[in-house]
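Let's take a walk through this structure together. Keep the 3D view open and turn it as you read.

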Amino acid sequence: MIGVVDYGMGNLLSVQNALSYVGEDVLICSKPNQLNEVDKIILPGVGAFPDCMKNLHNRGFVPKLNQLVLESKVPILGICLGMQVMATEGLEMEVTAGLGWFDANVRLIEPGVDGVKIPNVGWENVQFNEESLLFDGFIKDPDFYFVHSYYMDCKNEGQVEAFYHCGKIKVTAAIRRENIFGTQFHPEKSSDFGRSVLLNFLDF
Amino acid sequence: MAKKRLIPKLQLLPSKLIPGSMSLVTTQNFKNSIEVGDPVSQAKIYEAQAVDELVFVDLSYSRGVGSKEAIVNVIRKAAEEIFLPITIGGGVRLLQDFSLLLNNGADKVSINSAALEDPKLISDAARQFGSQCVVVSIDYKKDENGSFRVYSEGGSKKSNLTPLDWALKAQNLGAGELLVTCIDHDGTKQGLELEMTERICQSISVPVIISGGCGRAIHFTDGFRQTKAEAIAAGTFFCFQDQSPMQTRSHIKNAGIPIRIHT
């Protein structure tokens, strides 16, 4: 059973549909204790960093996620903003503390340079670390669908599993620390490559 | 920088053949609709042919026969089977319409006539749902004096705005993307309108999708070469010709334009 964290933001249906399509049972968890029943967790997210953290706190998800992910080592995959909030802090609108699972901050992609427009919407080829579990079995430089204006700037390069270049910025596309995974792109919107990333996570 | 995008635009009207369901249709200058088939089956084929996104436009509201239930059925089914970004437009007037469509599988919602009547809808929607899912659709054509003007209600109601002024205003209010369609070129297969399009693309910092008029592969390469548009959408082109998105993509790639080649 896969638990999808429902904290009132994000397109849960797409994630649920993608998981159902690959044959997984999905539990939409709007209460923290529901997460006790699942084998793996997906933290989706669309919207702004401060709102996301506020909702996670208000609904009591933060202590539960810390307990399950850091102590019980339950595998988790953060998608888009769901990945970004795993950082130490977000610089979107105001400085907001994140979950702090990665030594990183989340900052704006500067528009204008090299024709970069934000939000950066569309398909990007990512370069992935060959050891990466999420990209196991992939061809070189696969492409995925991104929609974002902010990116995760990781202090520990070893935790960056994949990236792409946006102008001069090296944009983090996927991260991993033990049982904690994240993708900036939307696997649930990236057709068959996205499906393969989800399957690789589910196989972990 | 993200690659250029190729987007089939699936226009929908209530089916005359199967009552109660929606059909994929094509139009010419926003009129003369022709029923083509089942929209979800066709969309699934497009996914297999490696398109980048899908845009569904419900034309029934502009013809006075709209029903939220009908469009929701189409998106729900599409979202269960298709794993691509999906934009839905047509008949969106309220913030509740945004919620309804987003909750049923749309990733972006496009607004047109309602935003012209009440531009605040753009900023309200951007604040509530995020700019990334607010697409402002701009339909324009030359008026009797030969000047480009924005039209609403399926091309039937003229406004005094130029497409460029409206594009700038929509962007400033928080639109995350613009879908611009030249009514004069819609369904003609004579190529995109490039003059106004390029003026819009030059002045706008959010992504611009252009549409209306693609009939040959060269129209796509012209569109990408002669404007800074991020994406081109086409309806008729993919419905009636022996040209799949896959072939079109190769043409675009071979012209040296960065586009996804999915093998």
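We'll start with each chain as a whole, then look at the sheets of chain A, and end with two buried residues. One thing to keep in mind throughout is that this is a predicted model.

Begin with chain A. Its secondary structure comes to five helices and 14 strands. The radius of gyration is 16 Å, close to the 17 Å that the globule rule gives for 204 residues, so chain A is as compact as a globular protein of that length. If you lay its C-alpha trace along the principal axes, it spans about 45 × 40 × 30 Å. Of the 204 residues in chain A, 62% count as buried. The chain also folds back on itself: take the contacts between residues at least 6 apart in sequence, and 68% of them join residues at least 24 apart. On the outside, chain A has an accessible surface of about 7,800 Å², with 46% of that belonging to carbon and sulfur atoms. As for charge, chain A carries 16 positive and 26 negative charges, and the mean positions of the two groups are 3 Å apart.

Now swing over to chain B, which has 10 helices and 12 strands. A compact globule of 263 residues would have a radius of gyration near 18 Å, and the 17 Å of chain B agrees with that. Its C-alpha trace spans about 45 × 40 × 35 Å along the principal axes. Here 61% of the 263 residues count as buried. Among chain B contacts between residues at least 6 apart in sequence, 64% link residues at least 24 apart. Chain B exposes about 10,100 Å², and carbon and sulfur atoms supply 49% of that area. There are 29 positive and 28 negative side chains in chain B, with the centres of the two sets 3 Å apart.

Back to chain A, and to its sheets. Eight strands line up in an open sheet with mixed pairing, and the order to trace is β2-β1-β3-β4-β14-β13-β12-β9 of chain A. At the edges stand β2 (26-29) and β9 of chain A, each with a single partner strand, so one side of each is left without a neighbour in the sheet.

Let's zoom in on one strand of this sheet, β12 (residues 160-166) of chain A. How many of its seven residues are buried? Six of them are, so β12(A) is largely enclosed by the rest of the structure. On one pairing, β12(A) meets strand β9 (residues 127-128) of chain A in the antiparallel sense, over two bridges. One spot to look for there is Gln127(A), whose bridge partner in β12(A) is Phe163(A). On another pairing, six bridges join β12(A) to strand β13 (residues 169-177) of chain A, again running antiparallel. You can follow that match residue by residue: Val160(A) stands opposite Ile175(A), and Ala162(A) stands opposite Ala174(A). The two strands β12(A) and β13(A) form a hairpin with two residues between them, and Gly167(A) in the turn has a positive phi of about 60°.

Chain A also has an open sheet of four strands, in the order β6-β5-β7-β11, and its pairing is mixed. Its edges are β6 (96-97) and β11 (150-154) of chain A; each has a single partner strand, so one side of each is left without a neighbour in the sheet. The partner of β11(A) is strand β7 (residues 102-108) of chain A, paired in the antiparallel sense over five bridges. Within that pair, Val106(A) has Met152(A) as its bridge partner.

Finally, let's see where the two chains touch. Asn17(A) has its place in helix α1 (residues 12-21) of chain A. Is Asn17(A) buried or exposed? At 10% relative accessibility, Asn17(A) counts as buried, because the cut-off for that is under 20%. Leaving aside neighbours within four places in sequence, Asn17(A) is in contact with Ala79(B), Glu80(B) and Phe83(B).

From the other chain, find Gly105(B), in the loop between α3 (95-103) and β6 (108-111) of chain B. Gly105(B) is buried, with a relative accessible area of 0%. Not counting residues up to four places away in sequence, Gly105(B) touches Asn11(A), Leu13(A) and Lys189(A) as well as Ile75(B), Ala79(B) and Ile86(B). Ala79(B) is therefore a residue to pause on, being in contact with Asn17(A) and with Gly105(B).

Technical notes. Residues numbered from 1 in each chain as written. Chains lettered and ligands numbered in written order. Predicted model: local features only at pLDDT ≥ 70, side-chain atom pairs only at ≥ 80, totals over all residues. Heavy atoms only, no water. Rg over C-alpha atoms; globule rule 2.2 N^0.38 Å. Buried < 20%, exposed > 50% of the residue type's maximum accessible area, 1.4 Å probe, protein only. Contact = heavy atoms within 4.5 Å. Areas by Shrake-Rupley, 256 points an atom, 1.4 Å probe, with all protein chains shown as cover. Lys, Arg positive; Asp, Glu negative; His and termini not counted. Charge placed at Lys NZ, Arg CZ, Asp CG, Glu CD. Pairing = 2+ DSSP bridges.
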